Amino acid sequence: MAARRTSQETVKTRSQPWVHVDGKQIQEFGTVRMFPLGLSFESRMYSCQNLNQILADTQILYSLYKKYHWLMRGPTFFQLHLLLDKHADEQLKLVDLMAERVQTLGGIAVGDPRHVAEITVVPRPPDGAEEVPAMLSRLIQVHETILTTCHEVAARAQEMGDDGTNDILISDVIRTGELQTWFLIEHLVDTPLVEAPHDGRRKS
């Protein structure tokens, strides 16, 4: 009887999940593993460091898009509410793309929001709601910050032979950022929907 009970306890123990497990850190942030990718250590280190900077700023941009999507108001609420959410989804895809590129190069992608806050160069906006033009302007400024960095890093990555990083930055991050910036900028143009003739008469 005792043997049977012991056997049952062993089965239960084997199927018991391990929770609250403490483990040591197996790779520090800011380091890269040696992967056989045909790229030098220097090129992979450069790309990982700078991709993480862009990644951190992009995660902040994503969060701002979601925040302003929620806080949007005024006569253009419906259009901007949907547009900002669409842009947020596109930025989230870029976050995953860049994070996986860092991992592909043997690095560690920044992911913890508290770590992101330490790395980002994007200024913190007010916690409350601002006027709509101010919220849109902040998004445009963050885009410009990211785009400026992307152009510099893409050019240097190409010089160092990292075509994969260069391609992601140009084909995905830069092109998406430029298009989204255009959509935001056009919402800040002060122009009437219909232009009335100066003499008050309808144009024929």
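How much space lies in the second largest pocket? About 150 Å³, in what is a predicted model.

Let's start there. Select Gln-59, Ile-60, Tyr-62, Ser-63, Leu-92, Val-95, Pro-113, Val-116 and Ala-117, and you have the lining of the second largest pocket. Colour by element next: H2, H3 and helix H4 (113-119) each give two or more residues to this lining, with H2 providing the largest share, four residues. By class, you're looking at seven nonpolar and two polar residues, with no charged ones.

Now go to the largest pocket, with a volume of about 230 Å³. Keep Ile-60 and Ser-63 selected, since they belong to this lining too, and add Leu-64, Lys-67, Thr-120, Val-122, Pro-123, Arg-124, Pro-125, Pro-126 and Asp-127. Charge does turn up here: the lining splits into six nonpolar, two polar and three charged residues.

Next stop, the inside. The structure holds one cavity of 30 Å³ or more, and about 40 Å³ of space lies in it. Pick Thr-58, Leu-61, Gln-91, Leu-94, His-143, Ile-146, Val-173 and Gly-177 to show what lines this cavity. Helix H2 (41-71), helix H3 (77-104), helix H5 (132-159) and helix H6 (163-186) each supply at least two of those residues. The lining is four nonpolar and four polar, with no charged residues.

Finish by centring on Gln-91, in helix H3. Is this residue buried or exposed? Gln-91 counts as buried because its relative accessibility is 3%, and the cut-off for buried is under 20%. Show its contacts beyond four places in sequence: Thr-58, Leu-61, Tyr-62, Tyr-65, His-143, Thr-176 and Gln-180. Among them, Thr-58, Leu-61 and His-143 also line the cavity.

Conventions: Residues are numbered from 1 along each chain as its sequence is written. This is a predicted model: local features need pLDDT of at least 70, side-chain atom pairs count only at pLDDT 80 or more; totals for chains, interfaces and linings use all residues. Side-chain values use heavy atoms; hydrogens and water are left out. On a 1 Å grid over the protein atoms alone, a cavity is a set of points where a 1.4 Å probe fits but cannot get out, and a pocket is an open set with protein on both sides within 12 Å along at least five of seven lines; lining residues have an atom within 4 Å of a point. Grid points are joined across faces, edges and corners, and a volume is the space filled by probe spheres set on the points. Ala, Val, Leu, Ile, Met, Phe, Trp, Tyr, Cys and Pro count as nonpolar, Asp, Glu, Lys and Arg as charged, and the others, Gly among them, as polar. Buried means under 20% relative accessible area, exposed over 50%, partly exposed in between (1.4 Å probe, protein chains only). Contact means heavy atoms within 4.5 Å.
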